[in-house]
Amino acid sequence: MLAQTRQDFIDERAAADRERAELEARLKERMREYEAADVKAFSAATAAGWTPEELRKIGFAEPEKKRRVRSRSTARSRQQKTRPDPTEDSASESAEPVPDE
C-alpha cells in the first residue's frame, strides 16, 4: 500500500512538472507575440509622425524590446568613439615637420 501510494505521488509530481513547463512555454510564447505586436504598433505610430517623446508624454513609453536594442547600438557607438582611429595616428605622424638634417 505505501509503495503504491508513494509511486502515485512521484508520478503525479512528474506530471505536474511537465504540465507546468508546458504552461510556462505557452505563456512565454504568448508574451513574445504581444511584445512583437507592441513594438510593431509603436513603430507604426512613429512612422505616422509621432515622436517617441510625444508618445512618452501621453503615456506610451518605448517598448522594452525596442529600448534594449537601442541601448546596445548606443553602447557600440560609444565604444567606437573611444577607440583611437589608427588613421589619425599615422596622419598626425606624417603631419609633423621633419627636422632638417
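Modeller: Patches are made of residues with over 30% relative accessible area and no salt bridge, joining like charges within 9 Å and nonpolar side chains (Val, Leu, Ile, Met, Phe, Trp, Tyr) within 5 Å. Our model is predicted, so to speak, from end to end: local features need pLDDT of at least 70 and side-chain atom pairs count only at pLDDT 80 or more, while totals for chains, interfaces and linings use all residues. Residues are numbered from 1 along each chain as its sequence is written, and side-chain values use heavy atoms, with hydrogens and water left out.

Colleague: Happy to dive in! Which residues make the nonpolar surface patch?

Modeller: The patch covers about 340 Å², with areas from the Shrake-Rupley method (1.4 Å probe; for residues, only the protein chains shown count as cover). One of its members sits in the loop between α2 and α3 (64–82), namely Ile 58. That residue, Ile 58, counts as exposed because its relative accessible area is 51% (exposed is over 50%, buried under 20%, partly exposed in between; 1.4 Å probe, protein chains only). The full set is Trp 50, Ile 58 and Phe 60.

Colleague: And the protein as a whole, what elements does it have?

Modeller: Helices (H or I, at least four residues) and strands (E, at least two) are DSSP runs, numbered from the N terminus. From that end, the order of elements is α-α-α-α. The count is four helices and zero strands.

Colleague: What percentage of the residues count as buried?

Modeller: The protein exposes about 9300 Å², and carbon and sulfur atoms supply 55% of that area. In helix α1, the buried residues are Val 39, Phe 42 and Ala 45. Out of 101 residues in the protein, the buried share is 6%.

Colleague: How many Å does α1 reach from its first C-alpha to its last?

Modeller: Helix α1 has 46 residues, and 68 Å is expected at 1.5 Å a residue (1.5 Å times one less than the number of residues). After α1 comes Gly 49, with a positive phi near 120°. The reach of α1 itself is close to the expected value, at 67 Å.

Colleague: How many salt bridges does a search of the whole structure find?

Modeller: Side chains of opposite charge can pair when their charged atoms come close. Here the cut-off is a side-chain nitrogen of Lys or Arg within 4 Å of a carboxyl oxygen of Asp or Glu. In α1, Arg 20 meets Asp 17 at 2.8 Å, N to O, while Arg 56 and Glu 53 are three residues apart in helix α2 (residues 52–57), their closest N and O atoms 3.8 Å apart. Over the whole structure, the search finds three.

Colleague: Which residue forms a salt bridge with Glu 29?

Modeller: Glu 29 is partly exposed, at 36% relative accessibility. Its partner also lies in helix α1, three residues apart, about one turn of the helix, and is partly exposed too, at 47%. With the closest N and O atoms 2.5 Å apart, the partner is Arg 32.

Colleague: Last one: where is confidence lowest?

Modeller: The mean pLDDT (the predictor's confidence in each residue, from 0 to 100) is 82 for the protein, and 64% of its residues reach 70 or more. Over residues 90–94 the pLDDT is below 50, and this stretch has zero contacts in the model beyond near neighbours in sequence (contact means heavy atoms within 4.5 Å). Confidence is highest in α1, at a mean of 97, and lowest, at a mean of 51, in helix α4.
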